[in-house]
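Notebook open, coffee ready. I want to look up the holes in this protein and the charged pairs that hold hands inside it.

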Amino acid sequence: MLDYLWLVPLLPLLGFTVLVFVPLPRLAAASVGVGSVSMAFLVVVLIAIEFLTSPPPGNYFSQTLWTWMQVGDFHPTFGLYLDGLTIVMLSVITGVGSLIHLYSSGYMWDDECMPRYFAYLNLFVCAMLMLVLADNLLLLFLGWEGVGLCSYLLIGFWYKDPENGLAARKAFVVTRVGDAFMAIGMFLLFANLGTINIQELVARATAEWAVGSGIAVAACLLLLGGAAGKSAQMPLQTWLPDAMAGPTPVSALIHAATMVTAGVYLIARTHGLYELAPVAQYAVAIVGLVTLLVAGFSALTQTDIKRILAYSTISQIGYMFFGLGVGAWAASISHLMTHAFFKALLFMTAGSVIFCLHHKQDIFEMGGLRTRMPVAFWSFVIGSACLAGFPLTSGFVSKDQILLGAFNSHEYLLFALGVLGALITAIYSFRLVFIVFFGEAKTEPDRTQTWNMASPLMVLWVFSLLGGMLVPLLPLDNVLPLGSHQIEHEGGHMMFTLAMGAVPIVGIAIAWFFFYKKPQAAQVFTTGLWGKLGDFWRSGWGFDKLYDTLFVNPFMALAEANRSDIVDSFNGGIAALSRQLHSVLSYSQSGRARWYITCMVFGLVFTVYAVVIV
């Protein structure tokens, strides 16, 4: 079955091709869209079973499809690479992706552009699959740019609204900044190591570079820049909240199973390079920690249900970067998997709420939905409990390992700030639950979820609650090095786990008091200094305003000043000069034969003089 690995990205690509070139009614379009990704998931399951039960030599499988191009000694291939890390990523992308596709078939049913929507969605999944299957950096970069293109198309799917187009352009431009860093990093690695095959590249770097090598540090920092852009980490996180302009299932796909996890995968895949560059690895931890705190405080103050979840995604991806930076390699990938379960559940539940409430997204226009939308209520409770890291949920298991890794690495300040981030996460998660589903009802649902919207939520209930049981089974031991979370520390893991289990409980209690029991007490945070601080957090810590001031406004002013286009003026000047010369020369065309004969004689005399005399 391993020989059929190429089918995994091909099936969504075929779905995209059919949807683009064959006019289909809605039911057929939905069937192609959902079916292609579901079939890819089935192939992944069969491949995973064979890979785990009968591991190939070296615990990896490589498949070269063809040589992409050949320029001298440079001949990159369309090659696929399968190991334990790839298995985890493929399972998340196709498994959660197929549920999101099924949910979309109900959510987007009334949209006349459903075939175009599923075409984009299929292409998105195909690009992400190519990214994680690539055995070389060039093919990985193809998938990397593919998900960037598809995110632009999906965020701006309802393009008739100018705000949606603006959000799509913002996502495209900001992530391109990170992509530029990544491309330079790839060039640097190829120039110094002579290969772009990821496994060979890491092996050569380990053999040729000393720990702390300046080239290793520079290359890893450049790759971190690319990862930060794609995964919405500081300082390139501003695009993700605005990406909520797209349909809600798109938000679930981008935030849970695909695009924002690409940066985490890139760093984990190139972990051998980061082990040679401790400074760069520490930078990964700092970027993740700062991001999770900044995004957490912003989520505390948002009023749009999707923007709250968007900031929570930025924060949780920050946790994954934090884990990678402190050496908890497998823990970060575990959190990537569990986060995909509960974040997809939360986004699709938010979509159901919006779908049934006249497309309202302000949480303060909701309330009392506990009894009116019971499936959505329990979905949100389960998803929020996992997001908060409530004991025994999947989110607790993976987050506990990351914090344990930080503690074991003796980065106690970073560990304490990570715990603070966990507390904030619990508060904003259940702030959302108490405001939306408890209290007085302000809007009545005008329709109910269809079966294809409700059934994916119930499947994700199981994986969100019990997904932590899969963490010890992930086949990462032969791929990633021994993580800091896997090292025993004095006092035992049990006491640490109990202490960490108390953090989300305290956060939920705080949310219960301020947003359910005594909501008037929370009013103190809306006035005075607290109110100004809240406004600052709500604006995303002013990053948009800062970037507008430093980059966008000067560029717009330059564009305005150059509205007539200097280059066009130069070309226009040449045309004007030609017209003027033509006007002058036209006086010589009088139509008089004597004048023409005279000119010919003078011309002949001048020619003879020039040739013979001179």
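**Entry 1: a word I need first.** I call a residue buried when its relative accessible area is under 20%, exposed when that area is over 50%, and partly exposed in between. I also remind myself that this is a predicted model.

**Entry 2: a salt bridge out of sight.** I started with Arg269, which has a relative accessible area of 7% and is therefore buried, as 7% is under 20%. Which residue does Arg269 meet in a salt bridge? I found Asp83, with 2.7 Å from N to O. Arg269 sits in helix H11 (residues 262-269), while Asp83 sits in the loop between strand E2 (77-82) and helix H3 (84-107), so the pair ties together parts that are 186 residues apart in sequence. Then I checked whether Asp83 is buried or exposed. Its relative accessible area is 3%, so Asp83 is buried as well.

**Entry 3: other salt bridges.** How many salt bridges does a search of the whole structure find? The search gives 10. I looked up Lys170 and Asp544, whose side chains meet in a salt bridge at 2.6 Å, N to O. Lys170 belongs to helix H6 and Asp544 to helix H22, so to speak distant parts of the chain, 374 residues apart. Asp544 has 28% relative accessibility and counts as partly exposed.

Next came Arg307 and Asp242, a salt bridge with its closest N and O atoms 3.2 Å apart. Here helix H14 holds Arg307 and helix H9 holds Asp242, and 65 residues separate the two in the chain. I noted Arg307 as partly exposed, at 22% relative accessibility. Asp242, with a relative accessible area of 23%, is partly exposed too. I also wrote down a network: Glu145, Arg176, Asp179 and Lys230 are joined by salt bridges that share partners.

**Entry 4: the closed spaces.** I asked how many cavities of 30 Å³ or more the structure holds. There are 2. The largest cavity has a volume of about 130 Å³. It is lined by 18 residues, and Gln237, Thr238, Pro241, Tyr311 and Gly540 are the closest to its centre. The elements that give two or more residues to this lining are helix H9 (239-242), helix H13 (278-301), helix H14 (305-325) and helix H22 (543-561). H13 provides the largest share, 4 residues. Sorting the lining by class, I got 8 nonpolar, 6 polar and 4 charged residues.

The second largest cavity holds about 70 Å³ of space. Its lining includes Ala388, Phe396, Lys399, Asp400 and Met500. Helix H17 (394-408) and helix H20 (492-517) each supply at least two of its lining residues, and the largest share, 4 residues, comes from H17. By class I counted off 7 nonpolar, 1 polar and 2 charged residues.

**Entry 5: the open spaces.** On to the pockets. What volume does the largest pocket have? About 900 Å³. Of the 33 residues lining this pocket, Leu300, Arg431, Phe515, Ala522 and Phe525 are the closest to its centre. H13, helix H18 (412-437), H20 and helix H21 (528-538) each give at least two residues to the lining. H18 gives the most, with 7 residues. The lining divides into 20 nonpolar, 8 polar and 5 charged residues.

The second largest pocket contains about 720 Å³ of space. It has 20 lining residues, and Lys170, Val173, Val174, Asp548 and Val552 lie nearest its centre. I had already met Lys170 as the salt-bridge partner of Asp544. Which helix gives the most to this lining? My note says H6, with 8 residues. Helix H6 (162-193) and H22 each supply at least two residues here, and these are also the helices that hold Lys170 and Asp544. The classes come out as 13 nonpolar, 1 polar and 6 charged.

**Entry 6: what I want to remember.** Arg269 and Asp83 are my buried pair, at 7% and 3%. Arg307 and Asp242 are my partly exposed pair, at 22% and 23%. For the spaces, I keep H13 in mind for the largest cavity, H17 for the second largest cavity, H18 for the largest pocket and H6 for the second largest pocket.

Definitions and conventions
Residues are numbered from 1 along each chain as its sequence is written. This is a predicted model: local features need pLDDT of at least 70, side-chain atom pairs count only at pLDDT 80 or more; totals for chains, interfaces and linings use all residues. Side-chain values use heavy atoms; hydrogens and water are left out. On a 1 Å grid over the protein atoms alone, a cavity is a set of points where a 1.4 Å probe fits but cannot get out, and a pocket is an open set with protein on both sides within 12 Å along at least five of seven lines; lining residues have an atom within 4 Å of a point. Grid points are joined across faces, edges and corners, and a volume is the space filled by probe spheres set on the points. Ala, Val, Leu, Ile, Met, Phe, Trp, Tyr, Cys and Pro count as nonpolar, Asp, Glu, Lys and Arg as charged, and the others, Gly among them, as polar. A salt bridge is a side-chain nitrogen of Lys or Arg within 4 Å of a carboxyl oxygen of Asp or Glu. Buried means under 20% relative accessible area, exposed over 50%, partly exposed in between (1.4 Å probe, protein chains only).
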